[in-house]
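Let's take a quick tour of a protein model, starting from the inside and ending with a few odd spots in the backbone. Keep the 3D view open as you read.

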Amino acid sequence: MKLIKFSIIFLLLFTKHSFSYEVNDFNKWKLNLKKIAIKNNISENTFDKVMSNAKYLPKVIEYDRFQPEFYEDTKTYIGKRTSKQKQTKGKNFYKDNKNIIDLVEVEFDIEKELLLALMGIETNFGTYVGKMDIISSLATLSYDQRRSEFFTKELITLLKLIENEKIDYQTLYGSWAGAFGFFQFMPSTITNYAIDYNKDEMINLKDNDDAYPSAANYLNQIGWKKNEPCFYRIELNENIPKKYLNISAKKLHNKKKIGFFKKYIKDPSILNDLDDNVNSAIITPDKDIIPGAETLNPAYIVFDNYEVILKWNRSLRFALAVCTLKDKFKDEI
């Protein structure tokens with residue numbers, strides 16, 4: 001018993017010491033970041049105002065190391081995010097916001113079902129936009145070594161937006177990864193694609209009047225093609241060469257025309273409505289992620305629109321869930 005108590009006390013003291021070390025080192029890191037910010041035309045006044053309360057958040061590191069995409073099988077992941085409850089909430093949301101959503105669909109040539117699906121999966125139709133201090137989250141991930149370069153760029157970009165009075169820094173609460181608003185835009189996405197649609201001289205992505213046009217503009221600019229397919233669920237023959245199976249969202253490889261892949265699909269007739277010359281790829285998202293997953297099941301043939309959603313979020317399951325929910329909204333709204 002004494003040994004157990006001693007071990008617990010030692011662990012608590014070690015954790016406290018480790019955290020204190022991180023905080024001290026983090027504060028030193030902030031001083032160096034300030035030099036980088038000033039070189040990027042961010043004033044000392046803006047930096048001090050925004051970064052003075054930035055804290056090292058251990059919880060953010062925990063979230064970064066343990067994401068649903070890394071451990072949930074595809075069926076579970078999609079089922080949670082495309083439930084009947086989600087569909088009902090989406091239809092009700094559309095009824096309440098029909099005017100802006102219909103206007104945006106026509107102006108940007110992006111299906112309202114896709115916009116609803118993205119908002120539904122990202123923030124449950126704006127009801128959960130995240131409560132994390134985005135400045136502290138980005139600072140923590142920038143300080144951390146795993147993806148420091150990426151998150152440092154995002155943090156500097158956000159500071160520039162604040163410097164140029166495009167964003168109210170006091171509203172910056174969102175996801176642990178630094179994403180913001182109804183559609184969870186990262187700072188670089190805000191810079192490149194967000195729109196002050198209501199002309200109030202601020203970009204407010206927690207307001208439908210800016211959020212929906214911004215999301216539609218983003219999708220339009222990165223290549224979404226209205227009314228074209230995203231994916232089909234397929235059953236593969238055992239003779240398909242493994243080189244054609246994509247298990248990573250980083251970059252789909254060995255893309256071929258639909259006609260080429262038909263010989264490896266048990267029921268190719270499900271693709272009869274599509275041109276054989278359309279570009280496609282095969283994904284098997286559970287392989288090498290879920291322990292004991294079958295190599296060929298589940299499997300999907302995916303198209304250009306699917307890859308557009310991968311640009312939004314590099315997750316095979318996320319893109320499948322978005323397109324699934326989009327299809328479930330079809331003919332329902």
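Here is a short briefing on the cores, one helix and some backbone details. Keep in mind that this is a predicted model.

**The cores**
- The largest nonpolar core holds 87 residues, and F183, L219 and Y306 have the most contacts inside it.
- Helix α14, covering residues 316-329, chips in the most to this core, with nine residues.
- Apart from it you'll find another core, this one of 16 residues, including L236, I240, F261 and Y264.
- As a rule of thumb, nonpolar side chains in soluble globular proteins tend to be buried together.

**Who touches L219**
- If you skip its neighbours within four places in sequence, L219 is in contact with I110, L114, L115, L118, W224, V308, I309 and W312.

**A mostly covered helix**
- Helix α13 runs over residues 304-312, and seven of its nine residues are buried.
- Those buried residues are N305, Y306, E307, V308, I309, L310 and W312.
- Among the elements covering them are α7, α11, β6, β7 and α14.

**Backbone oddities**
- N297 and P298 are joined by a cis peptide bond, with omega at about 0 degrees, and P298 sits in the loop between β6 and β7.
- N124 isn't a glycine, yet its phi is positive, at about 50 degrees; look for N124 in the loop between α7 and β1.
- N124 counts as partly exposed because its relative accessibility is 25%.
- E165 also has a positive phi, near 60 degrees, and lies in the loop between α9 and β2.
- With 60% relative accessibility, E165 counts as exposed.

Note on methods: Residues are numbered from 1 along each chain as its sequence is written. This is a predicted model: local features need pLDDT of at least 70, side-chain atom pairs count only at pLDDT 80 or more; totals for chains, interfaces and linings use all residues. Side-chain values use heavy atoms; hydrogens and water are left out. A nonpolar core is a set of buried Ala, Val, Leu, Ile, Met, Phe, Trp, Tyr and Cys residues joined through side-chain atoms within 4.5 Å. Buried means under 20% relative accessible area, exposed over 50%, partly exposed in between (1.4 Å probe, protein chains only). Helices (H or I, at least four residues) and strands (E, at least two) are DSSP runs, numbered from the N terminus. Contact means heavy atoms within 4.5 Å.
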